[in-house]
Amino acid sequence: MATGAVLDVPAGGAVQSRALANLGYRVFSIDLFAPQNRIAGTSWICADANRALPFRDAAFDYVLSREGIEHLEDQMGFLRNCARVLRPGGRIVLTTPNMMHLAARASGFLTGQRNLRRGLINEIQTPRGQKNGPPYHGHVFMLDYYRARYMMRVAGFDRLEVYSDRWSPTSVAMAPIVPILWLAMKFSVAASARNARRPGHRPPPDDVTREMFRHVLSPALLFGKRMIIVAEKPTNPAGRRI
């Protein structure tokens, strides 16, 4: 992507902020915690991403939100804020642990948790960070693809694509069950279409269903440990369905 102004939120240890600054981007970093050392080439702001982002409308060409949204209480408000500070045609790159890969689905079926080795989410073990100040939650507010897609669409984003950068060997070994998932999804869509014939209901357009099938059955979501969503703020929001 061409260089421009990037909002890195939450910036965490600023690994990406440094890398982007070295590539020639103008980087503004936000995180709940202050960095241990000054980050050359970036502007750092301590702020809570659950609240309004302290920037004017259309201030950035890009927003990078890496491994952060699953910690936030107000995910819908956060995504709306990201859309607000992006210029028309700007893009967001959002990453979060992938709950849709095959091993995560099997773990969810057995325990209700994405990862068998992480234990069960609870109010004692899961919170992290400082005692006095805004709470920093662990992976409490995990998002699957459907909810992430829904919220991003409602927040104003378009042209969604999904990627991953790390593979789950267990998920790859489970690849033979993919046709069963396809059949289950086809059944769900058909049953929903029948229900949509009732007054006050409507089925999604075919292009919406095709997009979801393409994403959910892609190698990125079937086998990837991390879900990476790249989306765009449309230049003509009047043409959107929502």
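A residue is called buried when its relative accessible area is under 20%. By that standard C82 is buried, because its relative accessible area is 0%. The model described here is predicted, and C82 makes a convenient starting point for a walk through it. This residue belongs to helix α2, which spans residues 75–85. Leaving aside residues up to four places away in sequence, C82 touches L53, V63, I92 and F157. One of these partners, F157, is 75 residues from C82 along the chain, yet the C-alpha atoms of the two residues are separated by 9.7 Å.

The aromatic rings come next. A pair of aromatic rings is described by the distance of the centres and the angle of the planes. In this model, the count comes to 5 aromatic pairs. One pair is formed by Y25 and Y62, with 6.0 Å from centre to centre and 75° between the planes, an edge-to-face arrangement. The two partners come from distant parts of the chain, 37 residues apart: Y25 is in the loop between α1 (15–22) and β2 (26–31), while Y62 is in strand β4, residues 60–66. How buried are these two tyrosines? Y25 has a relative accessible area of 13% and is therefore buried. Y62 is buried as well, with a value of 10%.

F55 and F60 offer another example, with ring centres 4.9 Å apart. Why is this pair edge-to-face? The planes of F55 and F60 meet at 85°, and an angle over 60 degrees counts as edge-to-face, so the pair receives that label. Both partners also fall under the 20% limit for burial. F55 counts as buried because its relative accessibility is 16%, and F60 is buried with a relative accessible area of 3%. Ring pairs also bring in F28, so that F28, F55 and F60 are linked into a cluster.

An aromatic ring can have a charged neighbour too, as F213 shows: the charged end of K186 sits over the ring of F213, 5.9 Å from the ring centre.

The last stop is D48, in the loop between β3 (42–46) and β4. Is D48 buried or exposed? With a relative accessibility of 18%, which is under the 20% limit, D48 counts as buried. The side chain of D48 reaches the backbone nitrogen of N50 at a distance of 2.9 Å.

Note on methods: Residues numbered from 1 in each chain as written. Predicted model: local features only at pLDDT ≥ 70, side-chain atom pairs only at ≥ 80, totals over all residues. Heavy atoms only, no water. Phe/Tyr/Trp six-rings, centres within 6.5 Å; stacked < 30°, edge-to-face > 60°. Helix = DSSP H or I, 4+ residues; strand = E, 2+ residues; numbered from the N terminus. Buried < 20%, exposed > 50% of the residue type's maximum accessible area, 1.4 Å probe, protein only. Lys NZ or Arg CZ within 6 Å of the ring centre and 35° of its normal. Polar contact = N/O pair within 3.5 Å; in protein donor to acceptor, adjacent residues only side chain to side chain. Contact = heavy atoms within 4.5 Å.
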